[in-house]
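Okay, thanks for coming, everyone. Let me put the structure up on the screen, and then I'll walk you through it.

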Amino acid sequence: MRCVVLVLAAVALASPGCGDDEGEASSGDGPPLVVSAASSMTEALEACSPAFEDAAVRLQFAGSDELAAQIRQGAKPDVYAAANTDLPEELHREGLLSRPVEFATNELVLAVPKDSEIDALDDLTRADVKVVMGSESVPIGAYTRKTLAKLPRDEEEAILANVRSNEPDVKGIVGKLSQGAADAGFVYVTDVKAADRALEAVELPVDLQPTVTYGVGVVDGAEHPGEARMFARQLVDGPCADALEEAGFGPAQK
Amino acid sequence: MSASPRVHIPWFPAVLVVALGLALTFLTLPVVAIFVDRTPAQLIDALGERGALDALWLSLRATAMSLAIILLVGTPAAYLLATRSFRGKSVVVTLVELPLVLPPAVAGIALLAALSPSGIVGGAVEGVGIDLVFETAGVVVALTFVASPFYVRQAMAAFAAVDRTLLDASRTLGASEARSFARVMIPSAMPGLAAGTALALGRALGEFGATLMFAGSLEGVTQTVPLAIYDRFSSNFDAALALSAVLVAVSAAILISVKLVHGSEALGGAAR
C-alpha cells in the first residue's frame, strides 16, 4: 500500500516536467490553464502570459505537429496554438478541437550567420553551401518545400541537394546556424529576431513567400474551456497579440 | 514500521514479490504495447517504407564503427586503470565515467562546443579535412562519446576481478606483459568485457539527442533509427511504432545472443 502511494507521489512529482524539447512556464492566479503552443512563439508568449489574469497559464512549447500528435494520442491541454492552420483544422474535423481562429502571421526568410556572403536565394545553388531546413512533417519544413517548389526545377533540385539536415524544429535550425555548422537555413523572421543578432535575415521575393498563418483553438474536453476561450481571444486582440507583434509577427488577415 | 513482529504472515517476501510485479509490469507494458495489434507481416511491410531500411542500415553501420573504436581504445585504457595505481587516478576514472550521467542534450551541446567549425578544436578538425557535423562520422563520434563509458566501466571491473596469481604465473613463466594481457587477461575478463560491449552497443543503438544536435538528421547520412522514429512520430504514428518494434527486436536479439554465448552470468555478474 505504502509502495503504491510512494509510486503515485513520485509520478505526481514528475508529471509537471516533460520531454526534453518542451519549455514550460507558469504564471498568474486562478485555475491552471495548459497552453500547447508552437515553439516559434516561445519568447512572445512567455512575455505576455503572466499578464493573463483569469488563469495561471502553463505554457508547453514543441513543434506544432508534435503537439497535435499528443492531442491525438489523448493529451488534453486547454489551448492549442499552431504555426499553421492545417493542423488545427484537421483536429477540428476529427472533433478534437473547437473551430480554429487565425491570430497571427509570420514570414518565411532565409537565415544566415552574421557577416555571411549569402544574400540571395540563388547563392544556395552553389555546390559547397550547407543548407538546413525543417523536416517535412513540421510546418516550417512544409512551408520551405512549398516555397522551393515555386522555383525553376533545376534551382529547386540544386538547393535540395545542398540540404544537410532536416531538423525536427526551428531551434535545431537556429542552433546549427549560430554554431557555424550550416551556412543558411529557412526559418521564420521572428526566429531571426529572437536569435539576438547572431543571425541575419535574407528576405524572400514576395511571389515566393508562403502565407504563414497561425491558428488557435480550444481543445475538446479542456478542463477550463471558458478561460481557454478568453486566452485564445486575447491572442487575436490583447496583451499576447501585442507581444506577438513586438516579436515580429504580423496581424491575422481579417 | 507498520508490520509488528507479532504478525506471522511472511510480509517481507510478499513485499519483494509485489515490488517485482510492479517493476515487471511497468517495464514491460510499454514494450508490449508496441507489438499489440500489429502482425509480423505489418512490421515487415513497415520496413519496406521509404527510408526505414536506410535508417536501420545506418544505425547498424554507425554503431559497429563506434564499437570498434570503443573496444580498440577502451580495452587497453581500462586495463591500465584496473592494474595500475597512480596519483589522480580517481579523478581520471571520474572524468572517463562522466558522460554516463550527462543528459543527451548536454552531450550534444558539448560536442558542438568542442568539435563544430566554431568549436574550441573545430578549426583543427577542419584543418585535417574531417567534417563531422552533418556527416556519418559525426554520428559515430556522438555514439562513441555517450556509449564508451559503459564499456570502460565494465572492462575495468572485469580486469580488476581477474585473479592476480594468473597474471603473475604468466609473467613468471616468461611471458611479456603484452602477451599476458592478450592470452590471460582478456580471456579471463571475457564475460565482463562482453557485458560491457552489450551495454555500450545498446546505448549506441538507442542514442538520440546527441546525434540530432551534433550531427543533424538526414536520411541515409545521419538519420539513425531513433531519429527516424522521431521524424515519423507526428506524421505517421504507425510507421514510428513499426520502426520502434524493429529496434526492440534488434536490441533483444543482441541481449539474448550475449547471454547465450557467455552464459547468463555475463550480464548478471557484470554489476559487481
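Start by finding A:Ala37, which stands opposite A:Phe61 in strand E3 of chain A. What we're looking at is a predicted model, by the way. The strands around that pair are E2, residues 32-38, and E3 of chain A, and they pair in the parallel sense over 7 bridges. How do you get from one strand to the other? E2(A), helix H2 (residues 42-48) and E3(A) make a right-handed β-α-β unit. E3(A) itself, residues 56-62, is mostly covered, with 5 of its 7 residues buried.

Let me zoom out for a second. Chain A has 10 helices and 12 strands. It runs to 254 residues, and buried ones make up 48% of them. If you take contacts in chain A between residues at least 6 apart in sequence, 76% of those join residues at least 24 apart.

Now, the part I spent my time on, a sheet further along the chain. It's an open sheet of 5 strands in chain A, in the order E8-E7-E9-E6-E10, with mixed pairing. E8 and E10 (199-203) of chain A are the edge strands, each with a single partner, so one side of each has no neighbour in the sheet. From one strand to the next, the twist averages 35 degrees.

You can see the mixed pairing if you go strand by strand. E7(A) and E8(A) pair in the parallel sense over 4 bridges, and there A:Val132 stands opposite A:Ser165 in E8(A). E6(A), residues 108-113, and E9(A), residues 184-188, run antiparallel, joined by 4 bridges. A:Leu108 is a handy marker here, standing opposite A:Tyr188 in E9(A).

So what packs on this sheet? Helix H7 of chain A does, touching E6, E7 (131-134), E8, E9 and E10 of chain A. Its direction makes about 140 degrees with that of E9(A).

Is H7(A) buried or exposed? Because 8 of its 9 residues are buried, H7(A) is largely enclosed by the rest of the structure. The buried ones include A:Val170, A:Ile173, A:Val174 and A:Leu177, but also A:Lys171 and A:Lys176. Just past the helix, A:Gly180 takes a positive phi of about 75 degrees.

E8(A) tells a similar story. It's an edge strand, but 5 of its 5 residues are buried, so E8(A) is largely enclosed by the rest of the structure.

That brings me to chain B. In the model, 22 residues of chain A are in contact with 22 residues of chain B. Which elements of chain A give two or more residues to that side? Helix H3 (64-72), strand E8 (163-167) and helix H7 (170-178). By type, the chain A side divides into 6 nonpolar, 9 polar and 7 charged residues.

Last thing, confidence. Chain A has a mean pLDDT of 87, with 88% of its residues at 70 or more. Among the elements of the chain, E4(A), residues 79-82, has the highest mean at 96, and E1(A), residues 24-26, the lowest at 47. Over residues 16-27 of chain A the pLDDT is below 50, though that stretch has 24 contacts in the model beyond near neighbours in sequence.

That's what I have, so over to you for questions.

Technical notes
Residues are numbered from 1 along each chain as its sequence is written. Chains are lettered from A and ligands numbered from 1 in the order in which they are written. This is a predicted model: local features need pLDDT of at least 70, side-chain atom pairs count only at pLDDT 80 or more; totals for chains, interfaces and linings use all residues. Two residues are in contact if their C-beta atoms, placed from the backbone, lie within 7 Å. Ala, Val, Leu, Ile, Met, Phe, Trp, Tyr, Cys and Pro count as nonpolar, Asp, Glu, Lys and Arg as charged, and the others, Gly among them, as polar. A residue is buried if 20 or more other C-beta atoms lie within 10 Å of its own, exposed if 12 or fewer, and partly exposed in between; C-beta atoms are placed from the backbone. Two strands pair if DSSP finds at least two bridges between them. Axes are lines fitted to C-alpha atoms, for helices over the stretch in contact, and angles run from 0 to 180 degrees between N-to-C directions. A crossover is right-handed if, with the strands pointing away from the viewer, the path from the first strand over the helix to the second runs clockwise. pLDDT is the predictor's confidence in each residue, from 0 to 100.
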